[in-house]
Amino acid sequence: MSVKIGIIMGSQSDWATMKEAAIVLDELGVSYETKIVSAHRTPDRLWTYGKEAAARGLQVIIAGAGGAAHLPGMMASKTRVPVVGVPVQTKALSGVDSLYSIVQMPKGFPVATMAIGSAGAANAGLMAAGILALQDAELAARLDTWREALSASIPEEPTDD
Ligand code: RP5
């Protein structure tokens, strides 16, 4: 069966953040592929990936990038496969640059933009799983269990430790 989720990122340096999406998908038993696809350094790779995405059976693309983070938006311009964008935190501008680069898409080419950094990457994994769960009852059950376990792990009262 073809892989349904692509996790792409602009650089090897993004993997420390983007692996949070992969960790969540591992926990949920969802397969995925991981690729470095840079809008600026490997534009031909971006174009080919976007051109082939739907025909290859991808159903969600999680795209993370930092700084002038054009990868998610450019990918959304090239494929109708839903793109979930992750703004990677940067040293110079703390990821606000990434966020603004990803979130302000023009009408017609949406990117579902997550929070800056690792929480955003983890949530991108959950968002992708939730989309697939619409057509996959077993995954839906695993996702419900995952969410219930997280809720159950939250104490009712704070402690000093
Ligand atoms: C972006 O530039 C990448 O997404 C990365 O977040 C940032 C820095 O890349 P490196 O210089 O670390 O390769 O394209």
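This report describes a predicted model of a protein with a bound ligand, going from confidence scores to the ligand site and then to selected residues.

## Model and annotated domain

The model is predicted. Its average pLDDT for the protein is 98, and 100% of the residues score at least 70. The ipTM is 0.96 and the pTM is 0.97. An unreviewed UniProt entry lists residues 3-154 as "domain: PurE". Within that span, 47% is helix and 16% is strand, and the C-alpha atoms at its two ends lie 33 Å apart.

## Ligand surroundings and the listed binding site

The residues around the ligand are Gly 10, Ser 11, Ser 13, Asp 14, Ser 38, His 40, Ala 65, Gly 66, Gly 67 and Val 88. Sorted by class, this shell holds seven polar residues, two nonpolar residues and one charged residue.

Under "binding site", the unreviewed UniProt entry lists Ser 11, Asp 14 and Arg 41. These positions are spread over 31 residues of sequence but cluster in space, with a largest C-alpha distance of 14.1 Å. Ser 11 and Asp 14 are also among the residues that surround the ligand in the model.

Ser 11 sits in the loop between β1 (5-9) and α1. It has 18 other C-beta atoms within 10 Å and is therefore partly exposed. Not counting residues up to four places away in sequence, Ser 11 touches Ile 36 and Ser 38, and Ser 38 is itself one of the residues around the ligand. Arg 41 belongs to the loop between β2 (33-36) and α2 (43-52). With 11 other C-beta atoms within 10 Å, Arg 41 is exposed.

## Helix α4 and the loops on either side

The loop between β4 (83-88) and α4 (96-103) contains Ser 94. The phi of Ser 94 is positive, about 60°, although the residue is not a glycine. Most residues other than glycine have a negative phi. Ser 94 has 13 C-beta neighbours inside 10 Å, so it counts as partly exposed.

In α4 itself, Ser 98, Leu 99, Ser 101 and Ile 102 are buried. Seen down the axis of α4, these buried residues fall within an arc of 165°, so they line one face of the helix. An α-helix has 3.6 residues a turn, so residues three or four places apart point the same way. The buried residues of α4 pack against β3 (60-66), α3 (71-78), β4 and β5 (112-113).

After α4, the loop that leads to β5 holds Met 105. Met 105 is partly exposed, as 17 other C-beta atoms lie within 10 Å. Leaving aside neighbours within four places in sequence, Met 105 is in contact with Gly 73, Ala 76, Pro 110 and Val 111.

Gly 73, on the other side of one of these contacts, is found in helix α3. Gly 73 is buried, with 24 other C-beta atoms within 10 Å. Beyond four places in sequence, its contacts are Ile 102, Met 105, Phe 109 and Val 111. Ile 102 is one of the buried residues of α4.

## Met 18 and Val 86

Which helix holds Met 18? Met 18 is found in α1 (residues 15-28). It has 27 C-beta neighbours inside 10 Å and so counts as buried. Apart from residues up to four places away in sequence, Met 18 touches Ile 7, Met 9, Gly 64, Val 86 and Ala 121.

Val 86 lies in strand β4. Is Val 86 buried or exposed? Val 86 is buried, because 37 other C-beta atoms lie within 10 Å and the cut-off for burial is 20 or more. Its contacts, leaving aside neighbours within four places in sequence, are Thr 17, Met 18, Ile 62, Ala 63, Gly 64, Met 114, Gly 120, Ala 121 and Ala 124. Gly 64 and Ala 121 thus appear in the contact lists of both Met 18 and Val 86.

## Selected C-alpha separations

The table sets separation along the chain beside distance in space.

| Pair | Separation in sequence | C-alpha to C-alpha distance |
|---|---|---|
| Met 18 and Val 81 | 63 residues | 19 Å |
| Met 105 and Pro 72 | 33 residues | 9.8 Å |
| Val 86 and Met 114 | 28 residues | 5.4 Å |
| Gly 73 and Val 84 | eleven residues | 9.6 Å |

Note on methods: Residues are numbered from 1 along each chain as its sequence is written. This is a predicted model: local features need pLDDT of at least 70, side-chain atom pairs count only at pLDDT 80 or more; totals for chains, interfaces and linings use all residues. A residue is near a molecule or strand if its C-beta atom, placed from the backbone, lies within 6 Å of it. Ala, Val, Leu, Ile, Met, Phe, Trp, Tyr, Cys and Pro count as nonpolar, Asp, Glu, Lys and Arg as charged, and the others, Gly among them, as polar. Helices (H or I, at least four residues) and strands (E, at least two) are DSSP runs, numbered from the N terminus. A residue is buried if 20 or more other C-beta atoms lie within 10 Å of its own, exposed if 12 or fewer, and partly exposed in between; C-beta atoms are placed from the backbone. UniProt positions are given in the numbering used here, feature names are shortened, and annotations may be inferred rather than shown by experiment. pLDDT is the predictor's confidence in each residue, from 0 to 100. The arc is that of the directions from the helix axis to the C-beta atoms. Two residues are in contact if their C-beta atoms, placed from the backbone, lie within 7 Å.
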